[in-house]
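Please look through the sequence and the three-dimensional structure shown below. The paragraphs that follow lead from the overall fold to selected side chains.

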Amino acid sequence: MLDHLPLPRQLRQKVDRELQPGEFIRWIEQPIPRFFTLESIGAVLFGIPWTAFALFWMWGAAGFKLPNLSHGLQFQHIFALFGVPFVLIGLGMLSSPLWVWQQAKQTVYLITDNRAILLTGGGSTTIRSYTPEQLGNLFRKERSDGTGDVIFAVREWKDSDGDRRTEDIGFKGIRNPKNVEALLKQLAQKSQ
């Protein structure tokens, strides 16, 4: 089954290491990266004025002129350097679609005969396995083009302000979510 999905060698090795002896893959796919970049649009929209303000602040703190380095840095130019971290944060927000795209390219979703597996890559790999008993609350989100998400867990926590937050966990940005949902339902029936 792995041969029909051309995975980079590094990802293929991660999948092979995760499989237990005798466990076979019923479905495998990588997310469609374009859907993940939509999640970062908010950061980009916030990053535009953030970065513009940080640059304007630095320019204003420097006296609206570039420093003449032959005379050394004056206090106002050093003060302007305090804006550098804010510019870097802004650049991080503006480049967030690239980071999210890269993470999607390092992600693999699997359904085996025993469990559902999410391998999420990036700087480090996070592996989440869900047994048939954990797949009881499935739901599907479909887009008009036939792609979508199959969600089988919801993570809840409270942020630093005490507000309740949730995160859908599942196979996001996949082709044929209806077929994948059916496979997961078959797997969930093993627990009954």
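A residue is called buried when its relative accessible area is under 20%, exposed when that area is over 50%, and partly exposed in between. By this measure, buried residues account for 39% of the 192 residues in the protein chain. The reader should keep in mind that the model is a predicted one. The accessible surface of the protein chain amounts to about 11900 Å², and carbon and sulfur atoms hold 58% of that surface.

The secondary structure consists of seven helices and seven strands. Followed along the sequence, these elements appear in the pattern α-β-α-α-α-α-α-β-β-β-β-β-β-α. How are contacts spread along the chain? Of the contacts between residues at least 6 apart in sequence, 60% join residues at least 24 apart.

The surface offers a starting point for a closer view. Eight names belong here: I41, L45, I48, L81, V84, L88, L91 and L94 form a nonpolar patch on the surface. Together these residues have about 700 Å² of accessible area. Which elements give two or more residues to the nonpolar patch? They are helix 3, which covers residues 41–61, and helix 5, which covers residues 84–94. Helix 5 gives the most, with four residues. On the side of helix 3, I48 may serve as an example, since this residue is found in that helix. The relative accessible area of I48 is 48%, so I48 counts as partly exposed.

The aromatic side chains come next. Seven aromatic pairs are found in the whole structure. One of them is formed by W50 and F86, whose ring centres lie 6.1 Å apart with 45 degrees between the planes, a tilted arrangement. This pair links distant parts of the chain, as W50 belongs to helix 3 and F86 to helix 5, 36 residues apart. Are these two residues buried or partly exposed? W50 has a relative accessibility of 28% and therefore counts as partly exposed. F86 is also partly exposed, because its relative accessibility is 42%.

Another aromatic pair consists of Y130 and F152. Their ring centres are 5.0 Å apart and their planes stand at 65 degrees, so this pair is edge-to-face. Y130 lies in strand 4 (residues 126–130) and F152 in strand 6 (residues 147–158), so the pair ties together parts of the chain that are 22 residues apart in sequence. Both Y130 and F152 are buried. The two residues also belong to one aromatic cluster, which is formed by W27, Y109, Y130, F152 and F171.

The charged side chains complete this part of the picture. Side chains of opposite charge can pair when their charged atoms come close. The structure holds eleven salt bridges. In one of them, R155 is joined to E167, with the closest N and O atoms 2.9 Å apart. R155 lies in strand 6 and E167 in strand 7 (residues 164–175), so this salt bridge ties together parts that are twelve residues apart in sequence. R155 counts as partly exposed because its relative accessibility is 38%, and E167 counts as partly exposed because its value is 26%. R155 has a further neighbour: its charged end sits over the ring of W157, at 4.1 Å from the ring centre.

Further salt bridges can be described in the same manner. E156 pairs with R164, the closest N and O atoms being 3.3 Å apart. R164 has a relative accessibility of 56% and so counts as exposed. R165 forms a salt bridge with D159, in which the closest N and O atoms are 3.0 Å apart. R165 is partly exposed, because its relative accessibility is 41%. Elsewhere, R140, E142, E181 and K185 are joined into one network by salt bridges that share partners.

A detail of the backbone remains. N176 has a positive phi of about 55 degrees, although N176 is not a glycine. Where is N176 found? N176 is in the loop between strand 7 and helix 7, the latter covering residues 177–188. With a relative accessible area of 47%, N176 is partly exposed.

Methods
Residues numbered from 1 in each chain as written. Predicted model: local features only at pLDDT ≥ 70, side-chain atom pairs only at ≥ 80, totals over all residues. Heavy atoms only, no water. Patch = residues over 30% accessible without salt bridge, like charges linked within 9 Å, V, L, I, M, F, W, Y side chains within 5 Å. Areas by Shrake-Rupley, 256 points an atom, 1.4 Å probe, with all protein chains shown as cover. Salt bridge = Lys/Arg side-chain N within 4 Å of Asp/Glu carboxyl O. Buried < 20%, exposed > 50% of the residue type's maximum accessible area, 1.4 Å probe, protein only. Contact = heavy atoms within 4.5 Å. Phe/Tyr/Trp six-rings, centres within 6.5 Å; stacked < 30°, edge-to-face > 60°. Lys NZ or Arg CZ within 6 Å of the ring centre and 35° of its normal.
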